[in-house]
Amino acid sequence: MANRNSEAVFQNIDWFMVVIYLLLVTMGWLNIYAAVYNDDHTSIFDTSQSYGMQLVWILSSFFLAFVILVIDGEFFPTFAYILYGIFVLLLIVVLFAGVDVRGSKSWIEVGTFRIQPAELAKFATNLALAKYLSNVNIKIEKTGTKLIAASIFMIPAAIIIMQSETGAALVYAGFILVLYREGLSGIFLILGAAGVVLFITTLLVDKAILSIILGAIAVFAFLFIRIRIRNILAVAGILLLSLVAVNGVDYAFNNVLESHQRKRINVLIGKEIDPKGAGYNVNQSMIAIGSGGLAGKGYLNGTQTKNNFVPEQSTDFIFCTVGEEWGFIGSTVVLGLFLLLILRIIFMAERQRSAFSRIYGYGLASILFVHLAINVGMTIGLAPVVGIPLPFFSYGGSSLWSFTILTFIFIRLDAYRFQILR
Amino acid sequence: MNLFSDRKYVISAIFISLILIYLIRLFYIQVIDKKFKLAANDNALRHKIEYPERGIIYDRQGKIMVYNEPAYDLMVIPKRVKTIDTSDFCQMLEITKEEFIEKITKLKKQKFSSFKPEIFINDISLETSLPLQEKLIKFPGFFLQARTLRKYPLKIASHALGYVGEVDDKIIAQNPYYRSGDNMGLSGIEKSYEESLRGQRGVKIVMVDVYNRERGSFDGGKYDTASVLGKSLYSSIDAGLQEYGEKLMQNKVGAIVAIEPASGEVLCMVSSPTYDPNLLVGRAKSKQYRRMLLDTLKPLFNRATMAKYPPGSTFKLVNALIGQHEGVINENTLFSCSRGFHFGGLTVGCHPHASPVNLRYSITTSCNSYYCNTFRNTLLKYKKTSEGFTVWRNHVLSFGLGKKIPIDLPQESSGNVPTVKYYDRYHGAGRWNAISIISLAIGQGEMGVTPLQMANFCTIIANRGWYYPPHLIKRIDGGHLDTTYLKRRFTTVDRKYFEVVVESMRNVVTNGTGRIAQLDSLSICAKTGTAENPHGKDHSIFIAFAPMNNPKIAIAVYVENAGFGATWAAPIASLMIEKYLRKEVKRPEMEKRILDANLLPKKSDWVTKK
Ligand SMILES: [Zn+2]
């Protein structure tokens, strides 16, 4: 039975996805080699170097992918909550027993390897959310449903924030897109976007002036809405919330954040210029990418990444190597491949008969997208510098395993779609 | 559940639009905005300057006068310095512990370049570096970097050769070739032939990493330029003669200049007191320079080209030539001399000798009266004194006096021959005549002539009326000499008037005032002179050339505060001629008398060459 099952799986695998996955992983590996390349260690298989280690991670990921593909498709919805529970517990354990790495307590040590459960928790969260939302009795309009769905991804995010991994936690915000696809009002998307805009403007504009502007917007809103108690209350409520938020953000910024965090935010929003300080990374990263030109300097010919001008060049800033050595053309190819992958996932998600598979697919697409947007965005100065990896590219076992598991569960679910009659 | 299926378009649109924004941004920073490319080069490329070896200077016989000796800069990479036994280290480098700590902390503070090698101590000589090299293994972070220093193996001709030093801000502002820290010739030949000697600097572009560590050449060295070696110079100086001249002039103040008449090549240029040119090289340079600057005998001053002395009686030769050319005297013209020249209340005294005096005898006996008459008659020939004076002055200038001749050295005084303007201002226009300025007849008064000008003037007589501007460099390896030094110049006095003067100069040595300079059968021609010195004992002057026909050497010797020209300057000149023409000096007594003589002014802190 299992045999026949796995045969069917390999027949129904979406090979298009697998090819894009292999392309991205290979390109990532070659770019890590280029980023840390030096004349002393020229073998790409040298495991004393990060590119050699990355090969180990890649091969182990292939094994993981294979294991996932041969697991019964029913396993994932069935064990979704259990896996979720295990990972939430693991996150809490790490919080107390984790290893301190560069100020963040998010790693557990297994022998000589270090694993970051925050990375791996993503697939479990995605499974749990899919499981919850695929329940036939679920009505997204209900506040309770919204709260439960939100808490499924907010709980791990909160624990991760406590581990001082703000970047990794930020990724969980991507699940809002999943909720939106499943019927959450578009207002929440707009409110979310407005919230981000408001947050940044608060830091840029004096709060008194901002309060007046918000008041003026509210007055205009009164003029254009139909005079109904509900509408008036809504506008007044939003105004009040905004004012509280403005003052709250301002208070938090000045009293809660440490001075180096404030500085980092100030540099990001352009209030402070400090080329060798907090903005140094972004500056060097943009120099590396910008110097690539149209066609790039050629493989292994980058002067900026290779000579360590760009920090975290094989992990968070791996896109600099792409930009510098392959130029605008290479950057476009890489971004294009990612977009193709994400759109393919959406296309595949929409063809699922099972809501579970579809929601899982959207979760995967959203996570990939948030990673891509923040990671690439920070290298070109469009997103805050929060350390999150570029999927499949960045050096690191936890990250590669996490994305491999995430992706191949979806490929497995997709291959299984004909067996689901629901 | 596919109620919201259309939302896939919204979600896809969000994804696509963000990627599009990113692509636009990438296109802007990668293709349109060029500032990142410049910044990247600034980051990663270093222009390493390769200094070519400075040209070597050879003497007339091909002996090396200046070459480059390897020297070292002690470099330090601050990041690599470990805690070391500073007392041992400082002792080795002859610095104090405080100096060491101050230097190292200053270097360590530089944040992003702490892997960049910095100079810790510069100009360490080869001798000092050898024991250092072994010991440095114990001190990580320190290493020696090769460079070169000028070395003067013969320790002679310091004034002619000059010295090399670091460029200052003024030079950098004037000449874009130089950068801070560069060396260039600052005086002498080193300065005037700087462009030939320095060669062409090369630039090598290397990649560096964020710590300034070198990472190999950029783009296979495609943009590198090779350095071009400095050109070698062949000097006309005869090292042997120069050395001998310096030896003779020890414990004396003055100068010797010798020229090969046929070519204008300077055979020696001695300015005394002199110094070992090696003193102005390397670490001790500034200390030595300051010490010499304060020395009352001014060893740094090149008396040969810069000191102005009255020409004294040697100038009578010029007046003899001008007088003939102007037709106021000829070979047979006689003037009487009763212990001098008397006019109204004015007397220019003369030593006792037979009277009347003809031209030849006037030179051999150096009669003052004869030249006062000649000079007066020259000026009286013209209606106005100023007119006559101008004619006379132009003749004088054509002998290379009262102007820069020139010579291929950066420092050259033009000497002084007063102008009509000067006398008009001094006496009032039209209120002076030949008698007011009669001292010019015998080379005293306001006249100022450098030893170089005297030697050149002697060359003119030796050549019977022409000269090549004197020069110290006869050939540039792979270059051309300035044409200034290759064109003959003629005096305004006709060639035919020279022979009688030359013959008379020969008589000066055979039975005149310069008999002391006689050297067996060698036909030395000469003239003695004594320059009045208002500050002390007169200066002793002697000019000579030999042999009389087809002369090989013309020489001028000045010895300050030494009295009569015959006493000190004449034997020195004679010994120099012997040294040059005979290669060997066979008059040990005369030589010993000169070498033993100490004619230095008392109370001097000058110590001659070590
Ligand atoms: Zn007389």
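## Exercises on chain B

In β8(B), B:His47 has B:Ile205 as its bridge partner. This is a predicted model, in which local features need pLDDT of at least 70 and side-chain atom pairs count only at pLDDT 80 or more, while totals for chains, interfaces and linings use all residues. Residues are numbered from 1 along each chain as its sequence is written, chains are lettered from A and ligands numbered from 1 in the order written, and side-chain values use heavy atoms, without hydrogens and water.

**Exercise 1. Place that bridge in its sheet: what is the strand order?**

Step 1. Start from the strands, which like the helices are DSSP runs numbered from the N terminus (strands: E, at least two residues; helices: H or I, at least four). β1(B) and β8 (residues 202-208) run antiparallel and are joined by six bridges; two strands pair if DSSP finds at least two.

Step 2. Extend to the whole sheet: the order is β1-β8-β9 (chain B), an open, antiparallel arrangement of three strands. Its edges are β1 (45-50) and β9 (214-217) of chain B, each pairing on one side only. From one strand to the next the twist averages 40°.

Step 3. Add the helix. α2 (residues 35-44) of chain B lies across β1 and β8 of chain B, at about 50° to β1(B) (axes are lines fitted to C-alpha atoms, for helices over the stretch in contact, with angles from 0 to 180 degrees between N-to-C directions).

**Exercise 2. Which strands of the five-stranded sheet stand at the edges, and which helices pack on the sheet?**

Step 1. Read the order: β12-β11-β20-β19-β18 (chain B), an open sheet with antiparallel pairing. β12 (265-272) and β18 of chain B each have a single partner strand, so one side of each lacks a neighbour in the sheet. Direction ignored, neighbouring strands are turned by 5° against each other on average.

Step 2. Look at one pair: seven bridges join β18(B) and β19(B) in the antiparallel sense, and B:Cys525 has B:Phe545 of β19(B) as its bridge partner.

Step 3. Add the helices, with contact meaning heavy atoms within 4.5 Å. α18(B) touches β11 (254-260), β12, β19 and β20 (553-559) of chain B, and its direction makes about 145° with that of β20(B). α19(B) touches β18 and β19 of chain B, at about 75° to β18(B).

**Exercise 3. Which residues of α19(B) are buried, and what covers them?**

Step 1. Check the span: α19 (residues 498-511) of chain B has 14 residues and reaches 20 Å, close to the 20 Å expected (1.5 Å times one less than the number of residues).

Step 2. List the buried residues (under 20% relative accessible area; exposed is over 50%, partly exposed in between; 1.4 Å probe, protein chains only). They include B:Phe498, B:Val501, B:Met505 and B:Arg506.

Step 3. Find the cover: it includes α13 (316-325), α14 (359-365) and α18 (451-462) of chain B, along with β18 (525-531) and β19 (539-546). In α13(B) itself, nine of ten residues are buried.

**Exercise 4. Why does the zinc ion count as tetrahedral?**

Step 1. Collect the protein donors (N, O and S atoms within 2.8 Å of the metal, or 3.2 Å for Na, K and Ca): B:Cys337 (SG), B:Cys350 (SG), B:His353 (NE2) and B:Cys367 (SG), at 2.0 to 2.4 Å.

Step 2. Check the angles: they span 101 to 126°, which makes the arrangement tetrahedral, since all must lie between 85 and 135 degrees.

Step 3. Trace the sequence: the donor spacing is C-x12-C-x2-H-x13-C. B:His353, between β14 (346-349) and α14, and B:Cys367, between α14 and α15 (368-380), sit in loops of chain B and are 14 residues apart. Both B:His353 and B:Cys367 are buried.

Conventions:
Four donors count as tetrahedral if all angles lie between 85 and 135 degrees; four count as square planar and six as octahedral if opposite donors are over 155 degrees apart and all others between 65 and 115; anything else is irregular.
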